[in-house]
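User: I would appreciate a close look at one part of this model, together with whatever in its surroundings helps to place that part. Please set the answer out as one connected account.

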Amino acid sequence: MSILILALLVVNIVLTAIMMFSVTGAMKSTTALVGDIAAVLALELDMGGEDSQRPSMEDTVVYDIASLTTSLKGDDSDTAHYAQVSVSLQMDSTHDDYGKYGEGDLMTAKDSIIRAAIVEVISSHTLAEFQNDTDGIRNEILAKLQKIYQSDFIYDVVFSDVKAY
């Protein structure tokens, strides 16, 4: 009887060791996967680090552009699509170029140029692109305006009252 108990004990130890090694291998791959996911999330969190370079709310000036309606680029359907959006430009009042371009009525005087740039970017996208990538379109508008002004005193473009149909 004791030989049987000893044999079962050895079998139990062997099976436990096999199970431990097989679980350890799977655990290592799971740990590597979780590490990769954490690295991607950390990259996304670092992208938000740009916000730390943004001016404070006290130094932010907003230029609002009332509702713009523009046609969108055609897609496979024969239906004409339109986007209606209100746009706000966020400007850094402490930037050197703000006094030259953004102060007082200087933005209002350039309103038609700003509107044309926004309409040009929005109308170059289809309805699906507009609905699925508004952040990308906002970034395109920001880049275009920064190119027009040859300055980065405008640091963000914000959409509100967005309608696409």
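Analyst: The part chosen here is Gln150, which counts as exposed because its relative accessibility is 71%, a value over the 50% cut-off. The model is a predicted one. Gln150 lies in the loop that links α6, residues 134–149, to strand β3, residues 154–164. Its backbone deserves attention: phi of Gln150 is near 55°, a positive value in a residue other than glycine. Most residues other than glycine have a negative phi.

Within β3, Asp161 also has a positive phi without being a glycine, here of about 50°. Whereas Gln150 is in a loop, Asp161 is placed in strand β3. Asp161 has a relative accessible area of 59% and is therefore exposed.

On the other side of the loop, the helix α6 packs against another helix. The axes of α4, residues 111–123, and α6 come within 9 Å and cross at roughly 140°. The arrangement of α4 relative to α6 is therefore oblique, since only angles over 145 degrees count as roughly antiparallel. The crossing of α4 past α6 is right-handed. From α4, the residues that take part are Ile113, Ile114, Ala117, Ile118, Glu120, Val121 and Ile122. They meet Ile137, Glu140, Ile141, Lys144, Leu145, Ile148 and Tyr149 of α6. Sorted by class, this contact between α4 and α6 comprises 11 nonpolar and 3 charged residues, with no polar ones.

A second loop offers a contrast in exposure. His81 sits between β1, residues 60–71, and β2, residues 82–92. At 12% relative accessibility His81 counts as buried, because the cut-off for that class is under 20%. Beyond neighbours within four places in sequence, His81 is in contact with Thr70, Ser71, Leu72, Asp75, Leu127 and Tyr165. Gln150, by comparison, is exposed.

A word on confidence completes the account. The mean pLDDT of the chain is 85, and 93% of the residues score at least 70. Residues 48–52 have a pLDDT below 50, and this stretch has 0 contacts in the model beyond near neighbours in sequence.

Conventions. Residues numbered from 1 in each chain as written. Predicted model: local features only at pLDDT ≥ 70, side-chain atom pairs only at ≥ 80, totals over all residues. Heavy atoms only, no water. Helix = DSSP H or I, 4+ residues; strand = E, 2+ residues; numbered from the N terminus. Buried < 20%, exposed > 50% of the residue type's maximum accessible area, 1.4 Å probe, protein only. pLDDT = per-residue confidence, 0-100. Contact = heavy atoms within 4.5 Å. Axes fitted to C-alpha atoms, helices over the stretch in contact; angles between N-to-C directions. Parallel < 35°, antiparallel > 145°, perpendicular 65-115°, else oblique. Left-handed = near helix turned anticlockwise from the far one by under 90°. Nonpolar A, V, L, I, M, F, W, Y, C, P; charged D, E, K, R; others polar.
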